[in-house]
Amino acid sequence: MNTNNHATFLTISAYLTGFSETDLLGTGMVDPYYAAIRDNNDPEVLGYFYQEAATILADSHGDEAEINEAIAARLIPDSCYNGIAKTIILLWYTGNYGNDVLSTDSYKEALVWNVAGAHPPGAKQPGYGSWALPPFSV
Amino acid sequence: MKCDEYDVVIVGSGIAGSVMAKTLTRAGKKVLLLEAGLQAGIAMDKEGAYQNYQFYLDTYYKAAAKVPNSPYPNLPDAPSPDVLDIAPIPNSCSPSTKGYLVQAGPIPFASDCYRGPGGTTLHWLGSTPRMLPNDFQMQTKYGVAVDWPFTYYDLMPYYEMAENEIGIAGDVKEQIGPDVEPVKNYGKDYVFPMQKIPQSYLDQTIIEITNGKTVTVELNKKEYTISYVATPQGRNSIPEPAYKYAGVAWNKKTQKLELEKTDAEYDPVGSLWDPYTGQRCEGNSSCVPICPVQAKYNALKTLRTADHDNLDIITQAVASQVLYDKGSMDITGIEYKKYRYGNSPIYEKGIAKGKIYVLAASAIENAKLLLASGIANSSDQVGRNLMDHMVMLTWGLLPKKGFPYRGPGSTTNIPTFRDGDFRKEHAAWISPIDNWGWAWPTFAPGSDVSNAVGQGMFGKQLRDHLSDIIPRQLLLHFECEQLPEPGNRVTIDPRYKDQLGNYRPVIHYNASEYMQRSFEAAKKVSDQLYKAYNVQDFTSYSAQNPDHVQYKGKVYNFAGAGHIVGTHRMGSDSNSSVVNPDQRTWDHGNLYLVGCGNMPTLGTSNPTLTMTALTYKAAEAILKQLEN
């Protein structure tokens, strides 16, 4: 594993998703998603992507607004790095790579259910009558 | 057991077949059950049942489109219809053959069902409102369709049996609406086996959104007050202490099926693999297509409690022809093709023999098998009058968060338009409030994510946007009652066969003006509701959707409800119906048909409960016939 790229993947994922690194680590999906991105992209393009992401993170010294501005300009446009940034966001939020569900775990850990105040249908069931109350997290 | 001639041969292990098998075997009759699906799916031992069900669940998790049949095997030897196969039909000479159903149109039939152990109860939602008394008298009351050959009140004792077997959770006292009063419709002091499933936070949000002010809407210059009902449903909740029935038993003396009384408290029926799993709905929010803990009823629970000393089951056995004696017209056997494994074109033929035969293979398969066998059709009604609830959906954003995507698919319905004089002009409908956001029409919330990301959103902005819109999603159904029409039908055509050489159903289907008028009316009601609720309407209909109609210049889309009924209608004379009030075919003294195909009309209820009640009535008739 390229440890630099792996660290960059986690940190840039946090900025791309709006979730903290701790939240992302808590899903247990950092490694499988890092691997999915590695295995499904041109290594050269992916190398440039990580290089750019690392540069953005280093240059802005943790200034969130500056990082977001740089991400919007240099990672998000479809012309940049074969759309890898958007792929990473969709992977985290839906558990899908393209149209395919990556794994049963990715389905259950999709972040969209968290922001919905819900749970993945068919998993992590919150118990009898829970649906009659506001979500636990609210 | 294995014998040469059984008392009864049943085709299909869905709820109709399973209720029949349980009732007959417990009355001491020898029964052979033929099931088209895989052996693994019928496992009754705990380990086998658990392993097989976990395989379904895993398949569901990994399915890209989580449609009703997504967890279950679709076999070339016994294919199932699938909503993913719905495609435009260029013209009637070139039907859509994308899926198992051959769709001759002009509009593609929009529902599917499951061919396999347990049948469509594996993916049903579990809503179980009874039909209304007026539903049984559509011709008399409203001058449309046909009357049933008996009244609602004749069916009442059998409704109670069905509610016992399925295990209904609900509150009788709360059942209101046009043509519904608790005592009139349910009898004095009647209660369901379990207390009502709690209504969702979303339901409460809507009910309280007008701050106690009653919502009224106008339709055809008449004012209607909107009411809300907690939907009775076949999923486990807290046992109702006042419920005192144990189960259904055959009383030889009175020659009737009876609900036996007990002093014991009702015990919710858990999963096949563990009686303590699934004793309550756990809020998995995936009832369609699969309840992971089996708190939702499925027919395998019934089949498991049949008397297995009196029951033989042959799986992977697809009924291909019903054989009969041309002199007596009696059925002499059911030919079936038993395949080796799910993809194998290799099969062996067998003939199942009994004194009485029961087809319980689904409305579409029953009709197809009768047509393929050239039987039971002196009325020319076999395959005709195919009906479904045509579901017009409307969706929008609530002014405050109702937090959908939690709980059973629907826990509350608006009964206001289930009955009324308007049925002379257009269809009645029931309006379930959907607990699962915009998932059905837009594939939300996944599509909400991809739309936002497509617009360039990321990070906290994306998260805030999604946590604002997804919890405010509202989806209403307008499940419109389709009337029987001879042209909406199942036929067969030698050009279209499956891998085993069995016919594929050819479906002819259209939306009459009666239905189109109901879409227009329902949309008018929806618009007024959204205004009253202060909901921002995002409903959008498209002529690109194969299931669309254009009425008075406006396009409406509809979806199927999975309520496939009417293809071998019951009636009071042999010229206009396929089966008599006992559900025995007019043409063959030892052939019964069970299932939704018998229903002369659909009403606005999800049909499984009514169909199960009818199956008890048929079982009683069969027991009488066997003993006399």
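These legends describe close-up views of a predicted model. Residues are numbered from 1 along each chain as its sequence is written, while chains are lettered from A and ligands numbered from 1 in the order in which they are written. In this predicted model, local features need pLDDT of at least 70, side-chain atom pairs count only at pLDDT 80 or more, and totals for chains, interfaces and linings use all residues; side-chain values use heavy atoms, with hydrogens and water left out.

**View 1. Two helices of chain A pack against each other.** Helices (H or I, at least four residues) and strands (E, at least two) are DSSP runs, numbered from the N terminus. Two packed helices are described by the angle between their axes and the distance between the axes. Here α1(A), residues 3-17, meets α4(A), residues 43-59, at an angle of about 65°. Their axes lie 10 Å apart. Axes are lines fitted to C-alpha atoms, for helices over the stretch in contact, and angles run from 0 to 180 degrees between N-to-C directions. The crossing is left-handed: the near helix is turned anticlockwise from the far one by less than a right angle. Contact means heavy atoms within 4.5 Å. From α1(A), the contact residues are A:N5, A:T8, A:F9, A:T11, A:I12 and A:Y15. From α4(A), they are A:Y50, A:A53, A:A54 and A:L57. By class, the contact has 7 nonpolar, 3 polar and no charged residues. Ala, Val, Leu, Ile, Met, Phe, Trp, Tyr, Cys and Pro count as nonpolar, Asp, Glu, Lys and Arg as charged, and the others, Gly among them, as polar.

**View 2. A:H61 has a positive phi.** This residue is not a glycine, yet its phi is near 50°. A:H61 is found in the loop between α4 and α5 (64-74) of chain A. It is exposed, with a relative accessible area of 72%. Buried means under 20% relative accessible area, exposed over 50%, partly exposed in between (1.4 Å probe, protein chains only).

**View 3. Helix α10(B) has buried residues.** They are B:S447, B:D448, B:V449, B:A452 and B:V453. Their cover includes α6 (84-94) and α8 (111-115) of chain A. It also includes α9, α11 (459-469) and β17 (473-481) of chain B. After α10(B) comes B:G456, with a positive phi near 95°. In the loop between α9 (439-442) and α10 (446-454) of chain B sits B:P445. A cis peptide bond joins B:A444 to B:P445, with omega about 0°.

**View 4. A second cis peptide bond joins B:V288 and B:P289.** Its omega is about 15°. B:P289 is in the loop between β8 (256-261) and α7 (299-304) of chain B.

**View 5. Cysteines of chain B stay unbonded to each other.** The structure holds 0 disulfides over all chains. A disulfide is a pair of cysteine sulfur atoms within 2.5 Å. Why is B:C291 not bonded to B:C287? The two sulfurs are 6.6 Å apart, too far for a bond. B:C291 counts as buried, at 10% relative accessibility. B:C480 is also in no disulfide, and the nearest cysteine sulfur, that of B:C596, is 18 Å away. B:C480 is buried, with a relative accessible area of 0%.

**View 6. Strands β7(B) and β8(B) form a hairpin.** Two strands pair if DSSP finds at least two bridges between them. Here 6 bridges join β7(B), residues 245-251, to β8(B), and the strands run antiparallel. B:W250 stands opposite B:L257. The hairpin has 4 residues between its strands. In the turn, B:Q255 has a positive phi of about 60°.

**View 7. Strands β21(B) and β22(B) form another hairpin.** Residues 548-551 and 554-557 pair in the antiparallel sense over 4 bridges. B:H548 stands opposite B:N557. There are 2 residues between the strands, and B:K552 takes a positive phi near 50°.

**View 8. Three strands of chain B form an open sheet.** The order is β3-β19-β18, with mixed pairing. β3 (102-106) and β18 (489-491) stand at the edges. Each has a single partner strand, so one side of each is left without a neighbour in the sheet. The twist averages 20° from one strand to the next. β18(B) and β19(B), residues 506-509, pair in the antiparallel sense over 3 bridges. The bridge partner of B:R489 is B:H508.
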